[in-house]
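This report describes a sheet and the helix packed on it, two loop residues with unusual backbone geometry, and two pockets.

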Amino acid sequence: MSYRDPNINRRQMLKAVGTGLAACTTLASCSKDNAVQTQPLAPKVIGSNGRPVLPWSNWSGNQRSQPTERSVPRSEDQLIKLIKESKQSIRCVGAGHSFSPLVPTVETLISLARLRGLKSADPIAKQATFGAGTLLGQTGEPLWEHGLALANMPDINTQSIAGAIATSTHGTGSTYGSLSSDVRDLRIISSGGEVINCSASENADVFNAARANLGALGVLTEVTLDVRDAFNLHEQQSILPNIEAYILADQYLKEGRRFEMYAFPYGDYSMMITLDETDKPIDDEHDYAESGDSILELKKWTERLPWLRSFLVNTALKDAAGPMSTRVNRSYTVFGNLRNVRFNEMEYSVAAEDGMECLAEILHTIKKQKLEVVFPIEYRYVKADDIWLSQFYKRDSCAISCHNFADRDYKKYFAALEPIFLKYDGRPHWGKIHTLTANDFSEKYEHWNDFKRVRSNLDPNGLFLNKHIKELFIL
């Protein structure tokens with residue numbers, strides 16, 4: 001079968017559901033409604049400079065706080081001065097893409113937005129150094145000018161490098177680790193204002209802790225990453241019956257291919273996306289921005305007619321079944337996807353060999369409990385690493401991500417799935433929603449106490465803690 005017109009892409013795959021119907025509420029109004037219906041932001045406060053301090057909210061709106069101070073230091077020296085002189089606790093924020101309460105603070109909130117950019121690139125050593133506040137989407141073109149690229153990237157590229165490392169954020173491919181596994185050197189500022197350079201051979205314990213640090217050790221200012229020669233990617237998308245998709249997923253795991261699968265609750269079909277390196281020239285002339293209109297339309301109709309949920313989902317997917325689109329472009333362009341439908345997310349990683357069984361149990365539970373969700377479940381593989389608090393520590397893993405719309409209550413859905421993840425000895429993504437405690441993590445991570453020791457040495461007075469971090473480490 002030949003590929004369809006490349007204009008038929010993700011935004012159109014569920015077109016059949018909305019035929020002849022008015023478009024649903026736009027993202028802007030959906031997000032606005034969510035802000036009004038949930039917990040309103042606290043009133044502004046006046047900072048020490050006499051100016052109002054804006055409240056903070058993460059991307060989805062499920063985490064909110066009112067800092068008493070906000071700062072965006074212009075340089076490392078200014079950051080060090082701020083840390084040394086601070087009379088209250090400090091939390092750092094990247095792009096606000098964490099759904100867990102890592103960032104919220106009622107004291108000082110620091111952004112690294114001015115500590116961005118490529119500092120150096122070495123095409124021979126295949127390494128590049130960035131300011132820690134650099135967004136992942138800002139790494140591609142500067143590296144490409146040096147003939148270089150990141151070997152792998154998360155599918156949301158609006159995160160900061162520091163934030164992605166803090167939570168061991170990852171892309172997909174069983175021969176590729178998380179972004180943290182590509183870190184070779186780090187520069188971190190301790191609570192005393194000390195500049196610490198660390199690597200596998202220098203301050204090794206700090207390095208082992210800082211590559212998945214939860215923002216609990218200090219403030220990263222520079223990160224050196226392993227990179228590789230620049231390359232193009234060939235992306236292919238298709239909608240397949242589940243049995244075919246699952247067989248391919250197992251095959252791609254063994255082959256080490258980059259791919260992600262989206263399994264649809266109540267559906268008999270899944271979307272398969274493969275990302276293969278290629279020597280083919282760039283042919284991507286189409287707009288692949290993910291509008292989300294189709295999934296919003298499906299959401300609307302399954303809420304109106306819940307007893308027809310399975311029928312509506314399968315009707316939409318059957319209509320779109322088969323190869324859908326293909327494109328070739330620079331790797332960093334293909335890796336990143338626009339997310340303009342806001343959601344909240346739970347992600348757990350289980351052993352790679354348990355991934356398919358865990359997914360099957362999740363889909364069965366959704367049907368059995370008639371959970372109100374149509375958002376696709378994302379399924380990816382990640383290579384093991386040796387990072388103390390990485391969810392991939394010494395285990396090749398399958399990462400399974402479950403989402404629900406930001407204007408819907410996710411708690412019942414996630415509460416039904418979390419016991420399944422735990423049954424398979426799942427480890428939660430640090431930036432995603434979970435309910436685990438210090439006791440749980442101490443059993444899951446053999447270096448839990450080592451991390452606490454390093455944290456205490458770098459920050460003995462708890463300058464970089466918030467309520468959530470204190471609870472995690474019983475401090």
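In this predicted model, eight strands form an open sheet with antiparallel pairing, in the order 18-15-17-16-20-21-19-22. Strand 18 (322–330) and strand 22 (427–428) are its edge strands, each pairing on one side only. Within the sheet, strand 16 (residues 258–263) and strand 17 (residues 269–278) run antiparallel and are joined by six bridges. Y262 has M271 of strand 17 as its bridge partner. Helix 8 (residues 309–320) packs on the sheet, where it touches strand 15 (232–241), strand 17 and strand 18. The direction of helix 8 makes about 40° with that of strand 17.

**Positive phi angles**

Most residues other than glycine have a negative phi. L214, which is not a glycine, nevertheless has a positive phi of about 60°. L214 is located in the loop between helix 5 (204–210) and strand 13 (219–226). Is L214 buried or exposed? Its relative accessibility is 2%, so L214 counts as buried, the cut-off for buried being under 20%.

K394 also has a positive phi, near 55°, in a residue other than glycine. The loop that holds K394 runs between strand 20 (377–382) and strand 21 (397–405). K394 counts as exposed because its relative accessibility is 59%, and exposed means over 50%.

**Pockets**

The two pockets are set out below by volume and by the classes of their lining residues.

| Pocket | Volume | Lining residues | Nonpolar | Polar | Charged |
|---|---|---|---|---|---|
| Largest | about 760 Å³ | 24 residues | eight residues | nine residues | seven residues |
| Second largest | about 370 Å³ | 21 residues | 10 residues | seven residues | four residues |

Around the largest pocket, the lining residues nearest the centre are N49, E69, R70, S71 and L82. Strand 2 (52–53), strand 5 (69–71), helix 2 (76–85) and strand 7 (108–111) are the elements that give two or more residues to this lining.

For the second largest pocket, P101, I433, H434, T435 and H468 lie nearest the centre. Two or more lining residues come from each of helix 11 (411–423) and helix 14 (467–473). Which element gives the most to the lining of the second largest pocket? Helix 11 does, with four residues.

Notes
Residues are numbered from 1 along each chain as its sequence is written. This is a predicted model: local features need pLDDT of at least 70, side-chain atom pairs count only at pLDDT 80 or more; totals for chains, interfaces and linings use all residues. Side-chain values use heavy atoms; hydrogens and water are left out. Two strands pair if DSSP finds at least two bridges between them. Contact means heavy atoms within 4.5 Å. Axes are lines fitted to C-alpha atoms, for helices over the stretch in contact, and angles run from 0 to 180 degrees between N-to-C directions. Buried means under 20% relative accessible area, exposed over 50%, partly exposed in between (1.4 Å probe, protein chains only). On a 1 Å grid over the protein atoms alone, a cavity is a set of points where a 1.4 Å probe fits but cannot get out, and a pocket is an open set with protein on both sides within 12 Å along at least five of seven lines; lining residues have an atom within 4 Å of a point. Grid points are joined across faces, edges and corners, and a volume is the space filled by probe spheres set on the points. Ala, Val, Leu, Ile, Met, Phe, Trp, Tyr, Cys and Pro count as nonpolar, Asp, Glu, Lys and Arg as charged, and the others, Gly among them, as polar.
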